[in-house]
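Here is a short note for a colleague opening this entry afresh. Please keep the sequence and the 3D view at hand while reading.

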Amino acid sequence: MILPIYVYGQPVLRQEAEDITPDYPDLKELIKNMFETMEHADGVGLAAPQVGLPIRVVVIDLDVLSDDMPEFKDFKRAYINPHIIEKGDNLVSMEEGCLSLPGIHENVKRPDRIHVTYLDEELNPHDEWVEGYLARVMQHEFDHLDGTMFIDHLSALRKQMIRGKLNSMVKGKVRCSYKVKVVK
Ligand code: NI
């Protein structure tokens with residue numbers, strides 16, 4: 001089932017999301033719906049707050065990029081209760097967009113490697129260092145779980161440049177190809 005994607009201005013996007021317990025109701029179904037929603041919107045990552053749920057669940061699909069990056073063939077994973085516990089010192093800049101910020105694309109500087117802990121879809125625990133493009137997407141998505149959006153990382157000048165678009169979004173003026181939930 002395709003869920004509406006919550007757009008900038010929705011309070012849930014600014015909330016601290018909670019870890020879930022293994023008995024969280026219909027978790028498999030939620031993950032399936034999140035994958036479907038993300039694919040429909042042509043995204044590579046989606047965090048539960050973007051579908052209105054303040055819980056620590058993220059899906060990432062990098063298979064769509066595997067023509068250019070063969071290491072991501074069949075890469076479709078869910079991350080439950082992820083936490084970044086350490087970040088590398090080396091910062092790299094890359095353009096980002098977000099399904100909750102339609103029409104905005106900006107360069108964001110982030111560490112090129114991170115140390116993460118999470119549970120996979122089978123609830124097996126993982127503790128690992130991740131680098132490169134996956135580290136980039138993880139940081140963007142896991143930020144959502146702390147109520148942070150990529151625009152928070154921009155310089156004052158760049159924020160100024162996108163203020164008009166953000167103000168329109170908050171007023172419910174959003175143009176995009178997928179189903180969204182705007183602020184009333
Ligand atoms: Ni996002």
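The points below go from the metal site to the helix, the strands and the cysteines.

1. Status. This is a predicted model. Please read every point below with that in mind.

2. The metal site. Start with the nickel ion. Its protein donors are C98 through SG, H140 through NE2 and H144 through NE2. They lie 2.1 to 2.2 Å from the ion. In sequence, the donor residues follow the spacing C-x41-H-x3-H. Two of them, C98 and H140, link distant parts of the chain, being 42 residues apart. C98 sits in the loop between β5 (91-96) and β6 (106-111). H140 belongs to helix α2, residues 132-145.

3. Burial of the donors. Are C98 and H140 buried or exposed? C98 has 9% relative accessibility, so it counts as buried, the cut-off being under 20%. H140 is buried too, with a relative accessible area of 8%. H144 is also on the list of buried residues in α2.

4. Helix α2. This helix has 14 residues. From its first C-alpha to its last it reaches 21 Å, close to the 20 Å expected at 1.5 Å a residue. Why call it largely enclosed by the rest of the structure? Because 12 of its 14 residues are buried. Among them are L134, V137, M138, F142 and L145. The charged-letter positions R136, E141 and D143 are on that list as well. After α2 comes G147, whose phi is positive, near 75 degrees.

5. Strand β3. Now look at residues 57-61. Five of the five residues of β3 are buried, and the strand is mostly covered. In a regular strand the side chains alternate between the two faces of the sheet. Here both faces are covered. V57, V59 and D61 are on one side, V58 and I60 on the other.

6. Neighbours of β3. Which strands pair with β3? Strand β2 (residues 45-47) does so in the antiparallel sense, over three bridges. In that pairing L46 stands opposite V59. Strand β4 (residues 76-87) also pairs with β3 in the antiparallel sense, over five bridges. There V58 stands opposite Y79.

7. Cysteines. How many disulfides does the structure hold? Zero. C176 is in none, and the nearest cysteine sulfur, that of C98, is 11 Å away. C176 counts as partly exposed, because its relative accessibility is 30%. C98, by contrast, is buried and serves as a donor to the nickel ion.

Terms used: Residues numbered from 1 in each chain as written. Predicted model: local features only at pLDDT ≥ 70, side-chain atom pairs only at ≥ 80, totals over all residues. Heavy atoms only, no water. Donors = N, O, S within 2.8 Å, 3.2 Å for Na, K, Ca; no water. Helix = DSSP H or I, 4+ residues; strand = E, 2+ residues; numbered from the N terminus. Buried < 20%, exposed > 50% of the residue type's maximum accessible area, 1.4 Å probe, protein only. Expected span 1.5 Å × (residues − 1). Pairing = 2+ DSSP bridges. Disulfide = S-S within 2.5 Å.
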